[in-house]
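User: I would like to go through this structure by question and answer. Please keep the reasoning plain.

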Amino acid sequence: MDIVQPLYLNAFLLIELIKVGLRAVFAPRYGDLRVLPLSDLNAAYWYNWLGRIVSLLGYGSLVVVPIVNANLGFVTGRSLQVLVAITALVMAVLVILQNRHTVRAGLQQRAAERGDLVARAAAQAGRVWHLVALIYVIALFVIWVSRPGDALAYMMLATGKALGAVLIGFLVVSAISRAIAGGLHIPADMRERLPLLENRLNAFVPNVLRGVRLVVFVAVVGAVLDAWNVADLDRWLASPGGQTAIAAVVSAAAVLGVAWLLWLAISSWVEYRLNPNVGKAAGARERTLLQLMRNAFTVLIMAIAVMLALSEIGVDIGPLLAGAGVLGLAIGFGTQKMVQDIIIGAFIQFENAINEGDVVTVAGTTGVVEKLTVPSVGLRDLSGTYHIVPFSAVDTVSNFMRGFAYHIAAIGVAYREDVGEVKDAMREAFEELRAGDHGPDILDDLEMQGVTEFADSAVTVRARIKTRPGMQWAVGRDYNEIVKRVFDRRGIEIPFPHRTIYWGEDKHGNAPPLQITRSPHGDGGDAGSPEAPSLPGQT
């Protein structure tokens, strides 16, 4: 073959392989396959211009210049090579300057959308990327012209390594970003048994992937520095110090990962036990103890995991543990009240005195238990006010939700009423109550206790209704309404307060008459009628 044909075939192979790499990165006609966050127009723009520069340099240096050297002389070929390099330099400079604002805006927008460290670092690099690119192409041009033999080969090899590292890192980071954006999804049956598992995974795994993305970014920077011989990464990785550092980081990450898996397993088991849709519904005491156990286990495993991770990366945790012990002792002296809260709270939980959802009275405050922790209890009273009561202030716990409850019906009737009839009316009201909606809440017959008090204006007749815990108030309200209705129907008086005026008696036991003087202009008589006699000083 003629010499021109091998030259062209070699140049064609090299140039088209480079274009294949460019098409793999920019994918100008297939947006779904594009790894760079570019529009179709921008991707086609970069691919076309980079392809032209590669074709100019490749065919000019590998085909045209050798032919000119062979036919017209080395000086002419050298001049042509400089002309090709200058043309490629001008094209590269124009492309960089035309896109300096576009690339900077794209990196800043990506940093605003993602907000992670890698994106922010890329946004900061976007401010000066055009300067770095201009320095690089100018340096490449100078080396191309001055030392095309050895220096150009070194620079092209370093450039290839750096671009390869950046490309691989970008592919990995893009895959991680897509995984973070897509999230994790678990099967529907597992989601029904563990409703919070998917949220936990999507809260933890993306953070881990962000950490991996940061590690990839650091690795890419190290590979680029190694490609340009700024840092000897290969030698450091092969050295004992580098292997020890890598092993320490991997061990610490493995400890944290195992700790997270243990926490996830315990939290998921507690969630499964507390899920009323699966298996047997947990009682109030079991629910409270499981939540407290989960909180205690979380604190314990976090402390152990952090200590082991620090130990793996070479931190001596002996002084740290000693310092933590001394600090804990000092804090214990300074926070005796808090320690008392925790100890009393633990004993209260073991005694099963309070559970979430109970109606209790502690430290003079009555309300529904909304939150129960080791050092305190949160109550919501009847007016909606939320109270936080530390257990150190609790000396007595009155729980209205244990086993059963009573509604005490203490009803006052007039002294003239027959007590037997009043009792029959209260029993009638009870039977009507039990036949209504609250029948399932009543656990026993009406306990009639009879007359308990002779008050100023009424005779108190008391009865007691046994109910399910927590239902005594609703049952009592309905029973009072029915009693009022039955008493009205029977004509039984529920009196209001009375006052009797006593005028005294004389020595013979006779009460003096009440002397009343009628006003001359009163409404009840004639103006000229005689006035009734009156005692001195009386009107």
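User: In which strand is T460 found, and is T460 buried or exposed?
Analyst: The model is a predicted one. T460 is found in strand β8, which covers residues 459–467. Its relative accessible area is 12%, and the cut-off for buried is under 20%. T460 is therefore buried.

User: Which residues is T460 in contact with, leaving aside its neighbours within four places in sequence?
Analyst: The contacts of T460 fall in two stretches of numbering. One holds A410, I411 and G412. The other holds G450, V451, T452 and E453.

User: What is the order of the strands in the open sheet of 3 strands?
Analyst: The pairing in this sheet is antiparallel. β6 and β7 (447–454) stand at the edges with a single partner strand each, so one side of each has no neighbour in the sheet. From one strand to the next the twist averages 25°. The order is β6-β8-β7.

User: What is the bridge partner of A409 in β8?
Analyst: β6 and β8 pair in the antiparallel sense, over 9 bridges. For A409, the partner in β8 is A463.

User: At about what angle does α15 run to β8, and α16 to β6?
Analyst: α15 lies across β6, β7 and β8, whereas α16 lies across β6 and β8. The angle of α15 to β8 is about 25°. For α16 to β6 the angle is about 25°.

User: Which residues of the largest nonpolar core touch the most other members?
Analyst: This core has 22 residues. The elements that give two or more residues to it are β6 (405–413), α15 (419–434), β8 and α16 (472–490). In soluble globular proteins, nonpolar side chains tend to be buried together. The residues asked for are V413, V422, M426, L433, I465, Y479 and F487.

User: What does V413 touch, not counting residues up to four places away in sequence?
Analyst: V413 is among the core residues that touch the most other members. Its list includes V422 and F487, which are also named in that group. In full, V413 touches V422, S457, A458, V459, V461, F487, I492, E493 and P495.

User: Where does Y415 lie, and which backbone oxygen does its side chain reach?
Analyst: Y415 lies in the loop between β6 and α15. With a relative accessible area of 45%, Y415 is partly exposed. Beyond its neighbours within four places in sequence, Y415 is in contact with F454, A455, D456, S457, A458 and V459. At 2.5 Å, its side chain reaches the backbone oxygen of A455.

User: How many Å separate the C-alpha atoms of Y415 and I494?
Analyst: Along the chain, Y415 and I494 are 79 residues apart. In space, their C-alpha atoms are separated by 9.8 Å.

User: In which helix is V25, and how many Å apart are V25 and L36, C-alpha to C-alpha?
Analyst: V25 is placed in helix α1 (residues 4–26). V25 is buried, at a relative accessible area of 15%, and touches R34, V35, L36 and L167, not counting residues up to four places away in sequence. V25 and L36 are 11 residues apart in sequence. C-alpha to C-alpha, the separation is 6.8 Å.

User: How many Å apart are the end C-alpha atoms of helix α11?
Analyst: Helix α11 runs over residues 240–274 and has 35 residues. At 1.5 Å a residue, the helix should span 51 Å. The end C-alpha atoms agree with this, being apart by 51 Å.

Definitions and conventions. Residues are numbered from 1 along each chain as its sequence is written. This is a predicted model: local features need pLDDT of at least 70, side-chain atom pairs count only at pLDDT 80 or more; totals for chains, interfaces and linings use all residues. Side-chain values use heavy atoms; hydrogens and water are left out. Helices (H or I, at least four residues) and strands (E, at least two) are DSSP runs, numbered from the N terminus. Buried means under 20% relative accessible area, exposed over 50%, partly exposed in between (1.4 Å probe, protein chains only). Contact means heavy atoms within 4.5 Å. A nonpolar core is a set of buried Ala, Val, Leu, Ile, Met, Phe, Trp, Tyr and Cys residues joined through side-chain atoms within 4.5 Å. A polar contact is a pair of N or O atoms within 3.5 Å; within protein, one must be able to donate a hydrogen and the other to accept it, and residues adjacent in sequence count only if both atoms are side-chain atoms. The expected span of a helix is 1.5 Å times one less than its number of residues. Two strands pair if DSSP finds at least two bridges between them. Axes are lines fitted to C-alpha atoms, for helices over the stretch in contact, and angles run from 0 to 180 degrees between N-to-C directions.
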